[in-house]
Amino acid sequence: MEQVLQQLADLRKEIESLQISNAKALEEYRIKFLGTKGLVKALMGEMKNVANEQKKAFGQSLNEFKQFAEAKYEEWKNGVGESNGTAGDIPDVTLPGDAIAVGSRHPISLMRNRMVQIFQRLGFAVADGPEIDDDWHNFTALNLPENHPARDMQDTFYISTNPAWLLRTHTSNLQIRAMEHSKPPIRIVTPGRVYRNETISARSHCFFHQIEGLYVDENVSFADLKQTLYFFVQEMFGKEVKVRFRPSYFPFTEPSAEMDISCLLCKGEGCSVCKKTGWLEILGCGMVHPKVLDNCGIDSNKYTGFAFGMGIERPAMLKYGIKDIRLFSENDVRFLKQFTGAV
Ligand code: PHE
């Protein structure tokens, strides 16, 4: 009994001499003195060895010690809780947080946004619509004849369970939808993804992106089309870039043209990118065919319109010096990271 009381007195001294200021030391203290395998529990186990007449006194001393140890624990716990966070492993909430890695825009998005912004300044609105569409919106309404090669299984992806549906081969399906649902004046651009069954190589892919434009109103002329495209090219590629139109054919425009710009790399001198011609073909355009207007319920005697369409990949490859079109869709972080901060 004497021995045990002496032990309690020593432990009390030990506790009094402790300086606990962090959570780790406090937990160690709790385990040592108050835990299920701690000293207080162990001393309680001694009760059975104490003579009956001393049990009461022993129990009292032990209880006092327990209360003292618990009070100290509470005192330190509050102290640690109130500390300003500099003690031990308590996190310092005043430290700056971990930086969150900022992603970057995809180069196709960057190029599309630039293109859209230029047309928006001319009053064009952005129209969106389905990538899976029917034959009417992708072909028939656009005056694409039944035997047109674009309809061939070689070029168009049809939905196998329902061949009436297909993956749009151009965003012109949205021009039809816009004309069906609204009245002139219509002035829209349609950026979006399109699909063609082409062999995948460094220069072509089975899906790519386009932006098309449509303007329908009274007295819209080819001069308006040219002026719109001149403005676009100068804003997009710079004032020194030259432009030329070549007569062409599209079933949905008449007359039709293709537009070239002077090669951005060799400035028209002739290099491997422009195949030594000094020119790069960037878009197709023309005056909306009267049949297309009529197909959409727009009076072709009263209204005229122009339309144009171009790819987004090619200009993005030129601007950012990308040599392989497949890089756009491989999601290689090393490639994508390079566009952080690019505009
Ligand atoms: N839809 C054509 C294409 O995908 C581009 C185009 C649009 C041409 C509008 C003329 C007018 O190639």
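**Contacts, sheet and pockets**

Student: Leaving out residues up to four places away in sequence, which residues does S61 touch?

Tutor: Once residues up to four places away in sequence are set aside, two partners of S61 can be named, and the model in which they are found is a predicted one. S61 itself is found in helix α4, and the residues it touches are L5 and L8.

Student: Is S61 buried, partly exposed or exposed?

Tutor: The class follows from the relative accessible area, where buried means under 20% and exposed means over 50%. For S61 this area is 24%, so the residue falls between the two cut-offs and counts as partly exposed.

Student: How far apart are the C-alpha atoms of S61 and S160?

Tutor: S61 belongs to helix α4, and S160 is 99 residues away from it along the chain. In space, the separation of the C-alpha atoms of S61 and S160 is 87 Å.

Student: K72 is also placed in helix α4; is K72 buried or exposed?

Tutor: Helix α4 covers residues 55–82, and K72 has its place there. Neighbours up to four positions away in sequence aside, K72 touches I15 and Y29. Its relative accessibility is 17%, and because the limit for this class is under 20%, K72 counts as buried.

Student: In what order do the strands of the open sheet follow one another?

Tutor: The sheet is open, has seven strands and shows mixed pairing. Its two edge strands, each of which pairs on one side only, are β1 (125–126) and β6 (243–250). Read from β1 across to β6, the order is β1-β4-β5-β9-β8-β7-β6.

Student: Which residue of β8 is the bridge partner of D260?

Tutor: Strands β7 and β8 run antiparallel and are joined by eight bridges. On its other pairing, β8 (residues 279–288) is joined antiparallel to β9 (residues 304–311) by five bridges, where M287 has F306 as its partner. In the pairing with β7, the β8 residue that partners D260 is E281.

Student: How many of the ten residues of β8 are buried?

Tutor: One element that lies across β8, as well as across β6, β7 and β9, is helix α8 (residues 222–237), which runs at about 150° to β8. Strand β8 is described as mostly covered, and of its ten residues the number that are buried is eight.

Student: Which element gives the largest share of the lining of the largest pocket?

Tutor: The largest pocket holds about 1100 Å³ of space, and of its 42 lining residues the closest to the centre are R196, F208, Q210, F250 and G309. The elements that give two or more residues to this lining are α7 (172–181), β5 (207–217), β6, β7, β8, β9 and α10 (313–320). By class, the lining has 20 nonpolar, 13 polar and nine charged residues. The largest share, seven residues, comes from β8.

Student: How many charged residues are in the lining of the second largest pocket?

Tutor: The second largest pocket has a volume of about 470 Å³, and 18 residues line it, with R203, V273, C274, L280 and R314 nearest its centre. Elements β6, β8 and α10 each supply at least two residues of that lining. When the lining is divided by class, eight residues are nonpolar and two are polar, and the number of charged residues is eight.

Student: Why is α10 said to be largely enclosed by the rest of the structure?

Tutor: The residues of α10 that are buried are E313, P315, A316, M317, L318 and Y320. These buried residues pack against α5 (107–121), β5, α8, β8 and β9. Just after the helix, G321 takes a positive phi of about 65°. The helix is largely enclosed because, of its eight residues, the number buried is six.

Student: What separation is found between the C-alpha atoms of F328 and F208?

Tutor: F328 lies in the loop between α10 and α11 (333–336), and at 7% relative accessibility F328 counts as buried. Beyond its neighbours within four places in sequence, F328 is in contact with H106, P107, I108, E313, A316, M317, I322 and F335. F208, one of the residues closest to the centre of the largest pocket, is 120 residues from F328 along the chain, and the separation of their C-alpha atoms is 9.3 Å.

How values were computed. Residues are numbered from 1 along each chain as its sequence is written. This is a predicted model: local features need pLDDT of at least 70, side-chain atom pairs count only at pLDDT 80 or more; totals for chains, interfaces and linings use all residues. Side-chain values use heavy atoms; hydrogens and water are left out. Two strands pair if DSSP finds at least two bridges between them. Helices (H or I, at least four residues) and strands (E, at least two) are DSSP runs, numbered from the N terminus. Contact means heavy atoms within 4.5 Å. Axes are lines fitted to C-alpha atoms, for helices over the stretch in contact, and angles run from 0 to 180 degrees between N-to-C directions. On a 1 Å grid over the protein atoms alone, a cavity is a set of points where a 1.4 Å probe fits but cannot get out, and a pocket is an open set with protein on both sides within 12 Å along at least five of seven lines; lining residues have an atom within 4 Å of a point. Grid points are joined across faces, edges and corners, and a volume is the space filled by probe spheres set on the points. Ala, Val, Leu, Ile, Met, Phe, Trp, Tyr, Cys and Pro count as nonpolar, Asp, Glu, Lys and Arg as charged, and the others, Gly among them, as polar. Buried means under 20% relative accessible area, exposed over 50%, partly exposed in between (1.4 Å probe, protein chains only).
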